[in-house]
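The following note is offered to a colleague who is meeting this structure for the first time. The points are numbered so that each may be checked against the view below.

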Amino acid sequence: MLLIRCPYCEEDRPEVEFVYGGEAHIARPLDPAALSDQDWEHYLYIRRNPRGRHHERWRHTHGCGRFFNAVRDTVSDRFEQTYKAGEARR
Amino acid sequence: MSDAIAIPPLAVAGTDLALESNAVLPGGVTLTLEPPASRWSLRARTAEALGAVIGRAVPTRIGETLDGIACLGPDEWLADPPAGTVVPDGAGQPVSVVDVSARGVVIRVEGASAARVLCSGCPLDLERFAVGRATRTVFETVEVIVWREQADMFRVFVWRSFAPWLWHALKAVQLG
Amino acid sequence: MSGYRLPAGGRINRAAPLDFTFDGRAHRGFAGDSLASALVASGQMLFGRSFKYHRPRGILGMGTEEPNALVTVDRGETGPGWGRATPNLRAPSVALYQGLDAQSQNRFPSLKFDLGAVNDRLGALFPAGFYNKTFMWPRSAWEKLYEPAIRRMAGLGASPATRDPDHYDATYAHCEVLVVGGGLAGIDAALAAAQGGSRVILIDEQEELGGGALSDQALWGEVADKAMALRRLDNVTVLTRTTAFGYYHQNFVGAVEQLTDHLAPGEAKGARERLWRIRAGEVVLAQGAIERPLVFDGNDVPGVMLSSAGRTLAVRYGVAVGRAVAVMAVHDSGWRDALALKAAGVNVVALIDLRAQVAADLVSAVRAAGIAVHLGHAVTGVSGRHGVSGITFAADGTGHSQQLAVDALLMAGGWTPTVHLWSHAKGSLRWDAGWGAYLPDVPQENCRAVGAGAGAWDLGSGLALGTLPGPKPIWQTKAFVDFQNDVKARDIDLAVREGMRSIEHIKRYTTNGMATDQGKTSNLNGLQIASGSLGRAVTDIGLTTFRPPYTPQTFGALMGHHKDALFQPIRKTVIDGWADARGAVFENVAQWRRARYFPQGGEDMHAAVARECLAVRQNVGMFDASTLGKIEVVGPDAAEFLNRMYTNPWKALAPGRCRYGLLLREDGFITDDGVSARLAPDRFHLTTTTGGAARVLAMMEDYLQTEWSDLDVWLTSTTEQWAVIAVQGPLAREVIAPLVEGIDLSREAFPHMAIREGRICGVPTRLFRVSFTGELGYEVNVPAEHGRMVWEAIHAAGQAHGITPYGTETMHVLRAEKGYVIVGQDTDGTLTPDDAGMAWAVGAKKPDFVGKRSLARPDMTAPGRKQLVGLLTEDPNEVLEEGAQIVADPAQPVPMTMLGHVTSSYHSATLGRSIAMAVIADGRARDGQVIHVPMPGRTIRARVTASTVFYDAQGSRLDV
């Protein structure tokens with residue numbers, strides 16, 4: 001079980017308190033109607049799935065309740081860092 | 001280590017688990033069901049904004065408690081104030097005040113080994129959890145709020161329908 | 001008979017004899033014995049039959065590495081209690097207790113005479129990969145012939161056939177330092193770590209601390225002193241009989257503590273085992289090393305065992321493995337063992353070592369002890385089938401040979417540091433030529449290895465061999481590498497000749513290292529043999545991955561408390577007890593249990609549901625709807641938020657009014673629905689489906705926190721705050737009127753789809769006028785603690801009107817008569833609002849809402865989509881099966897073209913016939929057409945109705 005640092009609680013908390021939320025920094029388009037079918041498909045379904053450094057969303061569901069972002073290595077499973085939702089990509 | 005401890009078989013089905021008013025665990029830890037009380041879930045962007053609306057100071061750091069109010073998240077507080085306290089509903093203000101008095105129950109876990117009893121199913125290091133702290137967490141698969149009021153007394157807030165399971169899961173804990 | 005109890009010595013208590021049985025035969029041992037030591041002491045050398053060839057096997061090692069001596073221990077208290085029987089226990093790790101009942105495995109009809117042993121004679125037919133090669137043709141024979149036969153022959157032990165009556169405990173634990181392994185290295189590490197006051201946990205799998213030192217009498221005093229020192233420290237937790245089975249991320253270690261298996265069943269109280277989930281700041285691995293067997297023809301005859309096993313038997317348990325014992329060594333430790341055995345009183349007659357040169361002090365000491373020394377020799381054969389009767393050994397294995405009558409042969413093949421947990425945690429390994437083994441190199445966690453497990457223990461020097469040299473070519477030998485899986489040296493050689501290059505392939509082809517012992521004694525020998533066959537260095541072949549568990553663990557321990565009544569929480573409403581007392585039949589919905597129907601006087605479900613349905617249509621019924629998910633949405637931007645989430649418009653909804661909300665995922669598919677009420681300009685009371693409550697709240701939080709964090713609105717789950725009592729039927733108003741205060745219930749003042757706040761039975765209520773039945777109806781929300789009281793009051797007040805409690809089955813029928821969908825039953829995550837016939841719920845003028853853009857994707861508007869429609873069977877008494885497939889042409893050969901499936905199907909007492917809903921390709925265009933539902937042996941004809949509404953299509957019964 002991983003330990004995950006919640007950037008809101010500012011402490012390492014056990015993985016069972018968290019829920020994974022998919023790839024991070026995929027903002028919902030402000031005007032979806034303006035997107036082509038292909039762009040909308042890309043927004044909905046296409047993900048990077050990198051080997052190595054991955055930006056992803058987690059939610060401290062059974063804690064402070066907040067969504068936040070994390071950089072995790074998909075090879076080692078190690079968290080490099082976590083940061084609050086809305087902060088710039090790291 | 002376990003020679004003197006006997007656990008009665010849980011002969012009942014899961015559907016027959018029922019809350020009791022109190023219980024004494026083999027290790028001397030007691031469980032007590034607290035009577036109903038008024039509680040509110042409070043939400044606002046900042047502690048100041050919330051304090052201004054409800055007319056009380058609220059804690060500012062996650063995990064802190066102050067006069068019966070616990071800060072659970074950056075915009076979330078649980079108010080479990082003394083009996084008779086009334087929290088205004090904040091109509092029209094940028095806050096959310098929701099009465100959750102009936103949503104759950106509080107199980108008081110008390111005794112020298114109270115932290116170890118809770119550690120049986122809670123993954124937090126509760127031995128090092130400071131007195132006066134409160135947090136939302138889990139006990140096995142059930143979400144709870146753990147509030148350490150004293151070194152040897154924790155209050156465990158749990159939603160009503162999960163309470164019978166939690167009560168009996170705590171009763172089943174065997175201290176080594 | 002070869003093993004016997006020495007007249008003195010060992011750590012056993014000779015004043016405390018213990019009686020036990022093995023295969024029903026009575027034996028006697030002493031307190032402190034293991035099952036293995038007690039059996040060897042009574043002359044039993046045959047412990048079991050091997051997996052594939054059913055060869056007779058004795059013990060190989062005296063620790064967790066033991067691959068052969070697997071037994072089933074039955075702990076039934078009175079007579080056979082098969083639920084308390086545990087198969088595949090390693091006899092050396094089973095502590096003896098009074099009355100222990102152990103049975104050998106994998107033999108029929110008896111251990112000594114086993115019919116399966118014919119496999120051994122036919123061994124040439126079962127080479128490596130034989131499963132893959134032999135049982136290919138004919139294909140049809142696999143299921144009926146080959147697989148059942150193989151399953152009967154193979155397998156280790158038998159699973160308990162009845163429920164496990166035991167309880168299991170579980171806990172989390174936190175410490176600054178966790179030490180795994182209670183030998184001297186681990187004890188020293190724990191003592192050092194404890195000096196600073198840190199919390200230290202020391203885990204050891206054995207009955208007592210000491211590890212390998214328990215087999216060295218000179219170290220007993222040191223072990224005792226240090227163990228005592230540890231137990232005096234408050235900050236140290238010592239867990240014996242505890243196995244760390246897995247080492248996971250960030251120093252999270254899983255361990256299982258045996259609490260009662262070492263006790264006679266009558267003395268065992270409390271939980272049987274405890275699962276420890278430990279988070280440690282630092283992990284110190286002190287797991288020691290495991291001795292390697294030597295690979296030569298006949299190395300599996302009972303009585304051939306590891307040198308360390310012979311030593312442990314003699315020194316720790318006071319047991320001689322034989323009357324005349326030989327040692328075959330390629331490592332110095334065998335020489336020391338020979339001396340230790342001799343000192344303990346065991347008749348060691350010969351020491352054979354393949355090496356021509358051995359340290360002079362060892363040679364002279366062994367010679368001085370009266371043991372014949374044969375340097376530069378190797379054992380080439382073993383006589384005896386159920387036990388050793390003699391050995392053949394030859395100069396360099398191939399030269400002049402001699403014979404020697406012995407009844408036990410010890411193998412000293414060198415040592416393999418135990419790196420299992422180190423590898424679980426992704427620590428890297430380095431090859432050490434001196435050890436002939438891999439040693440821990442660079443850790444990935446805050447972890448270090450100490451003692452023999454780190455290669456930091458002086459066990460002497462020796463050779464690292466694949467096989468001992470011998471006179472026969474490899475394919476003529478029965479030289480075992482993996483004893484549990486019956487993998488021979490020649491199997492590995494064959495795998496290489498058949499093209500396997502990677503050790504991972506060789507492992508899977510031969511099954512070397514794949515048994516329950518995880519290759520503890522076979523991995524390194526297999527690697528050396530493959531290296532020789534491939535002509536490549538060991539380090540070029542790789543090493544198979546170690547994975548948890550280190551040793552097999554019980555399912556019970558892994559489940560912990562989640563068993564029987566505590567298996568999982570079963571959520572019940574505050575009204576559940578009332579229903580239970582009235583004989584309701586329940587069903588599970590998500591984690592909730594809900595009353596399904598209330599049978600009266602021997603009614604079956606059909607009769608009860610028919611009665612309940614008619615009561616609601618004709619008079620009034622009451623229903624516990626408390627499980628509905630509820631979310632309070634509060635804040636100045638509440639309406640704006642809901643407008644963005646739901647498909648329909650919310651901003652203009654007046655306080656006091658309700659609205660049906662349809663929720664899509666961003667991909668355009670229906671995910672939830674529910675009726676919600678506006679209590680105030682900035683306060684809404686949302687409802688969700690019972691199963692969707694948590695999911696919908698999480699989805700809304702996601703949008704609110706990450707997309708629209710500028711909105712001043714907050715979400716609070718109030719599912720359990722409110723008990724909900726649906727009062728439905730033409731007489732609903734009359735029933736509740738006398739109980740309600742402060743609310744004008746008249747049609748004009750309180751219309752359909754409205755909410756009022758007031759009091760009922762003296763407690764606050766949020767009273768909804770809504771209907772999921774198509775009748776006049778109310779949903780009475782009261783704080784949960786008052787739910788039972790209000791329910792009973794309504795039930796009492798309704799008696800004059802014939803009020804009838806009804807359950808979820810009736811609720812389903814009533815809503816189906818009205819064509820109301822149940823999300824998750826009539827929808828399956830692939831239906832758009834239009835597919836579900838609910839285009840009316842989509843706000844056409846709204847520029848955006850969650851899922852809107854997806855509804856315009858080409859596939860979402862293409863013809864051929866499955867649409868929700870009604871179905872009426874031609875035979876009105878025929879009730880279709882939910883989930884049944886629908887076809888257009890019943891004569892089409894298989895595979896038929898499926899048009900869709902039945903989603904809901906009931907008998908409607910109100911309509912006097914069956915009704916159904918289904919999703920069918922282009923369903924609405926098939927209005928009036930006949931479709932076919934193929935069932936076993938027959939086909940059912942039904943007619944499509946484009947509308948799913950079967951009853952009161954105008955809705956006139958709602959607005960009264």
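1. In this predicted model, 2 salt bridges are counted between domain 1 of chain B and domain 2 of chain B. B:Arg136 takes part in a salt bridge with B:Glu76, and the closest N and O atoms of this pair lie 2.4 Å apart. The rule also finds 4 residue pairs in polar contact across the interface of the two domains, with both residues at pLDDT 80 or more.

2. Which strands of chain B supply the side of domain 1 that touches domain 2? At least two residues each come from β9 (134-139), β10 (142-150) and β11 (153-159) of chain B. Of these, β9(B) gives the most, with 3 residues. Sorted by class, this side of domain 1 holds 4 nonpolar, 2 polar and 3 charged residues.

3. The contact between the domains involves 9 residues of domain 1 of chain B and 12 residues of domain 2 of chain B. Together the two domains of chain B bury about 830 Å², of which 55% is on carbon and sulfur atoms. On the side of domain 1, B:Ala134, B:Arg136 and B:Trp147 supply 52% of the area buried against domain 2, more than any other three residues. B:Arg136 is thus named twice, once for its share of the buried area and once for its salt bridge with B:Glu76.

4. As to the bounds of these domains, the domain assignment of chain B places 14-36 and 102-171 in domain 1, and 40-99 in domain 2. The centres of the two domains, taken over C-alpha atoms, are separated by 23 Å.

5. Chain B as a whole contains 3 helices and 11 strands. Along the sequence these elements follow the pattern β-β-β-α-β-β-β-β-β-α-β-β-β-α. The radius of gyration of chain B is 17 Å, close to the 16 Å that the globule rule gives for 176 residues, so chain B is as compact as a globular protein of that length. The C-alpha trace of chain B spans about 60 × 35 × 25 Å along its principal axes.

6. The next matter is the contact of chain B with chain C. How many residues does each chain bring to this contact? Chain C provides 50 residues and chain B provides 59 residues. The two chains bury about 4500 Å² between them, with 53% of that area on carbon and sulfur atoms. Within chain C, the residues that lose the most area to chain B are C:Leu566, C:Trp714 and C:Glu720, which together account for 15% of what that side buries.

7. Across the interface of chain C and chain B, the rule finds 5 salt bridges. B:Glu127 forms a salt bridge with C:Arg199, with the closest N and O atoms 2.8 Å apart. Polar contacts across this interface comprise 28 residue pairs, both residues being at pLDDT 80 or more.

8. Turning to the side of chain C that touches chain B, the elements that give two or more residues are β9 (168-180), β14 (273-285), β32 (592-597), β34 (629-634) and β38 (714-717) of chain C. The largest share, 6 residues, comes from β9(C). By class, this side of chain C has 18 nonpolar, 14 polar and 18 charged residues.

Notes:
Residues are numbered from 1 along each chain as its sequence is written. Chains are lettered from A and ligands numbered from 1 in the order in which they are written. This is a predicted model: local features need pLDDT of at least 70, side-chain atom pairs count only at pLDDT 80 or more; totals for chains, interfaces and linings use all residues. Side-chain values use heavy atoms; hydrogens and water are left out. Contact means heavy atoms within 4.5 Å. Buried area is the accessible area (1.4 Å probe) that two parts lose on being put together, summed over both. A salt bridge is a side-chain nitrogen of Lys or Arg within 4 Å of a carboxyl oxygen of Asp or Glu. A polar contact is a pair of N or O atoms within 3.5 Å; within protein, one must be able to donate a hydrogen and the other to accept it, and residues adjacent in sequence count only if both atoms are side-chain atoms. Helices (H or I, at least four residues) and strands (E, at least two) are DSSP runs, numbered from the N terminus. Ala, Val, Leu, Ile, Met, Phe, Trp, Tyr, Cys and Pro count as nonpolar, Asp, Glu, Lys and Arg as charged, and the others, Gly among them, as polar. Domain bounds come from an automatic or database domain assignment. The radius of gyration is taken over C-alpha atoms; the globule rule is 2.2 Å times the number of residues to the power 0.38.
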